[in-house]
Amino acid sequence: MNTPKEIRIAIIGCGMISHRHMTVIENLNKRGQNLRVVAAAEIDKDKLMAWGKQYGLSEDCLYQDFREMLKRDDIDEVEVCVHNNLHTSVATAVMAAGFPCYSEKPMAASYADAKILYDAQKKYGQKLAIQISSIYNPQTRIAKEMIADGKLGKIYHCRSVGHRRQGRPGYDMPFFSRDFVDPNVGVHGPLFDLGIYHIAQMLYVMGMPELESVYGTTTCDYWRDKRIDDAVDCHTPVEDLSVAIARFKNGLSMDIYEDWAIHMDEIGTSFIAGSLGGLKFTDVDQTGGPMAVPEGGGIVGGGDLQKPRLQYFGVDEKGRLFDTKLECAIGDITGMQELALHPEMEMYNDNQLQWYSYLRGDLTDETRIDSPYIAMQTAFLSEGVMLSNELGRSVTADEIKKMSKSVALREQKTDFGVITYDFDEYKPE
């Protein structure tokens, strides 16, 4: 086997999610990939030095100001691992500096900012990808194939679900950054933070239907305590629950449920319903799949490795009902058999591997999964939910385009000064 071309990587943001990126890189290198992290940037100097020590980078490869790092001539791509409301700010700066960019989810904290970032690809002539682990596995591919093959008949309804008994990052989960519950940095709660995994998966497998209107509501009424508020400096809570019903131009409907915390054990799973059959999605991946698990350790950030499954319900030509369990986790025997028969599918089973394959030219714009477009359309629907809640009525797609506003940070205070971000204004469509 020929050794693939080396890809030299720079990381911006040395928080928790960067360690997941590094774990994937290490695991992919064990599988024969040729990946090397050559630089990292982080405004917190102590965190930066500890990160460099952990991964063996010398001090001359570590930067508090990522703009200085982008002056290097030995970088092939940059991975943006900062918080939600800095994705557009930093990722556009990366592409403006002449580098391909792989950015963390969500794409942005508003549709306006997601559109700005999406358009930056063309403006700067650079490649872009957004982390959406739920769409890079057999569960999603099989569901998409079954729908395309007509196994479900006419699709008329789907449900997008995300649930935690109690898990507000940075609040109930103190090992996460407090930025998650900062209305200026995190901006939104579970709909943007985790809904990207569930809504994006539903939109993608159904062929990216065009939104007509959405009605939604959000709340932040789950249990809080002033002692915790004070400890994490969170006195203006972001929402902890979002629910909505969306209608698409082909008549399809989608109900959306996304929480960070609610007093209930189980609230169901995502599903897609058609005239001939339905698909139930179990254990949707939102941790990065098997490549995100370090050898001998647990997933960075906690939780268990998901094993995505599908259950297929239908009716045969004689009117008899049936249901079939489809084993489609990457790590199970079925997944391993698929890779043995079709090794090229490996590029569709991991976010980062697909990105590196795209950079090397093994995948093209036509054969890769267009994560920036999927993420932007997810932000569009999510923005509609927020606007509907604010206005107390349903909103149309045209209204979302007109009313969405950029909220991405244009200035960031640091110990070494203020970083000013220069990116385009949103022009309502």
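In the predicted model, P106 is placed in the loop that runs between strand β5 (101-103) and helix α5 (111-124). The peptide bond that joins K105 to P106 is cis, with an omega of about -15°.

Two further loop residues stand out by their backbone torsions. V187 is located in the loop between β7 (155-162) and α7 (190-193), and its phi lies near 70°, a positive value in a residue other than glycine. With a relative accessibility of 15%, V187 counts as buried, because the limit for that class is under 20% relative accessible area. D233, in the loop between α9 (226-232) and β9 (241-248), likewise has a positive phi without being glycine, in this case near 55°. Its relative accessibility is 61%, and D233 therefore counts as exposed, a class that begins over 50%.

V187 also takes part in the second largest pocket, where it is listed with H188, M386, E390 and V407 among the residues nearest the centre, out of 22 that form the lining. The space in this pocket amounts to about 470 Å³. Helix α12 (residues 371-391) makes the greatest contribution to the lining of the second largest pocket, providing six residues. When the lining of this pocket is divided by class, 10 residues are nonpolar, eight are polar and four are charged.

As for enclosed space, a search of the whole structure returns five cavities of 30 Å³ or more, and the largest of these holds about 100 Å³. Its lining consists of 14 residues, with R20, Q131, G288, N351 and Q352 lying closest to the centre. Two elements, α1 (16-30) and α11 (351-360), each give two or more residues to the lining of the largest cavity, and the largest share, four residues, is supplied by α1. In terms of residue class, the lining of the largest cavity comprises five nonpolar, six polar and three charged residues.

On the surface, L276, V315 and L321 make up a nonpolar patch whose members together have about 290 Å² of accessible area. Of these residues, V315 belongs to strand β13 (residues 309-315). The relative accessible area of V315 is 32%, so that this residue is classed as partly exposed, between the limits of 20% and 50%. The same value also satisfies the requirement of over 30% relative accessible area that applies to patch residues.

Definitions and conventions: Residues numbered from 1 in each chain as written. Predicted model: local features only at pLDDT ≥ 70, side-chain atom pairs only at ≥ 80, totals over all residues. Heavy atoms only, no water. 1 Å grid on protein atoms, 1.4 Å probe; cavity = no way out; pocket = protein on both sides within 12 Å on 5 of 7 lines; lining within 4 Å. Points joined across faces, edges and corners; volume = space filled by probe spheres on them. Nonpolar A, V, L, I, M, F, W, Y, C, P; charged D, E, K, R; others polar. Patch = residues over 30% accessible without salt bridge, like charges linked within 9 Å, V, L, I, M, F, W, Y side chains within 5 Å. Areas by Shrake-Rupley, 256 points an atom, 1.4 Å probe, with all protein chains shown as cover. Salt bridge = Lys/Arg side-chain N within 4 Å of Asp/Glu carboxyl O. Buried < 20%, exposed > 50% of the residue type's maximum accessible area, 1.4 Å probe, protein only.
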